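Grab a coffee and work through these exercises with the model open beside you. Try each task before you read its solution.

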Amino acid sequence: MAGTLILLFARFLTAVRGQWHGVAPTDEQRIYFANHASHGDFVLIWTVLPRRLRLASRPVAGSDYWLKSRLRRFIGCDVFNAVLIDRERPSRTNDPISQMTDALDAGSSLIVFPEGTRNSTPAPLLPFKSGLFHLARARPEIVLVPVWIDNLNRVMPKGEFVPIPLICTVTFGAALQIAQGETKRDFLARAEAALLALSPKAGAP
């Protein structure tokens, strides 16, 4: 019930549209990797996925944010079944890659944000952290699908509590996989390029 209410609210607020370019919404297990500008990013991805894919997809998120209050814990854990990662190395007791591969091995798809934090800079993307590379190398048989979320940073600006209704789009691109022997630098550059190519600004003159 809570998940349905969040889904309806997200659709009402953003009139979000899902666009599939070079990839189809099939039951294939996947790692969706997206740009990160708002704490609502994975909600929009979750909202536009067909129901059968939505139920099989778990967002990967920072435990420092989603365990901060009882309400956030309920939304993150009970509604979205998120894989919660401790982003602070000194306090970390679980290996993030192991947490994600455990979820994959259990049959889930994942929604990840390889920038590692929200992007509040003028740059379209922050440099990717190495986690996406290590995850792809650990499970090379699972395809990675780039996902560009457009406009949500304007709906929920950082530091604001009242959302602004605006139309958002979520664009899914062609799947990729890590090549045998591909270096971290080359793989991350290729993944960044695949994601940036989905941005509406990429096709602008």
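**Exercise 1. Getting your bearings**

How many helices and how many strands are there in the protein?

*Solution.* Start with the ground rules: this is a predicted model, where local features need pLDDT of at least 70, side-chain atom pairs count only at pLDDT 80 or more, and totals for chains, interfaces and linings use all residues. Residues are numbered from 1 along each chain as its sequence is written, and side-chain values use heavy atoms, with hydrogens and water left out.

Now count: you should get nine helices and seven strands. Helices (H or I, at least four residues) and strands (E, at least two) are DSSP runs, numbered from the N terminus. Next, burial: of the 205 residues, 46% are buried. Buried means under 20% relative accessible area, exposed over 50%, and partly exposed in between, with a 1.4 Å probe and protein chains only. Last, take the contacts (heavy atoms within 4.5 Å): among those with a separation of 6 or more, 73% join residues 24 or more positions apart.

**Exercise 2. Two helices that cross**

Find out how α7 and α9 cross, and which residues meet there.

*Solution.* First, the geometry. Helix α7 (residues 131-138) and helix α9 (residues 184-196) have axes that come within 9 Å and cross at roughly 105°. Axes here are lines fitted to C-alpha atoms, for helices over the stretch in contact, and angles run from 0 to 180 degrees between N-to-C directions. That makes α7 roughly perpendicular to α9, a label for angles of 65 to 115 degrees.

Second, the residues. From α7 come Leu132, Phe133 and Ala136, and they meet Lys184, Phe187, Leu188 and Ala191 of α9. Sort the residues of this contact and you get six nonpolar, no polar and one charged. For the sorting, Ala, Val, Leu, Ile, Met, Phe, Trp, Tyr, Cys and Pro count as nonpolar, Asp, Glu, Lys and Arg as charged, and the others, Gly among them, as polar.

**Exercise 3. The faces of α5**

Which residues of helix α5 are buried, and which are exposed?

*Solution.* Within α5 (residues 70-79), the buried ones are Ile75, Gly76 and Val79. Seen down the axis of α5, the buried residues fall within an arc of 120°, so they line one face of the helix; the arc is that of the directions from the helix axis to the C-beta atoms. Flip to the other side of α5 and you'll find Arg70 and Asp78 exposed.

Then step past the helix to Asn81, in the loop between α5 and β4 (83-85). Phi of Asn81 is near 50°, a positive value in a residue other than glycine. Most residues other than glycine have a negative phi. At 41% relative accessibility, Asn81 counts as partly exposed.

**Exercise 4. The largest core**

Which element gives the most to the largest nonpolar core?

*Solution.* A nonpolar core is a set of buried Ala, Val, Leu, Ile, Met, Phe, Trp, Tyr and Cys residues joined through side-chain atoms within 4.5 Å. The largest has 29 residues, of which Tyr32, Phe42, Ile45, Val147, Val170 and Phe172 touch the most other members. The elements giving two or more residues include α1 (2-14), β2 (30-34) and α2 (41-48). The winner is α2, with six residues. Another core, of 27 residues, lies apart from it and includes Ile31, Val112, Leu135 and Leu144.

Terms used: Parallel < 35°, antiparallel > 145°, perpendicular 65-115°, else oblique.
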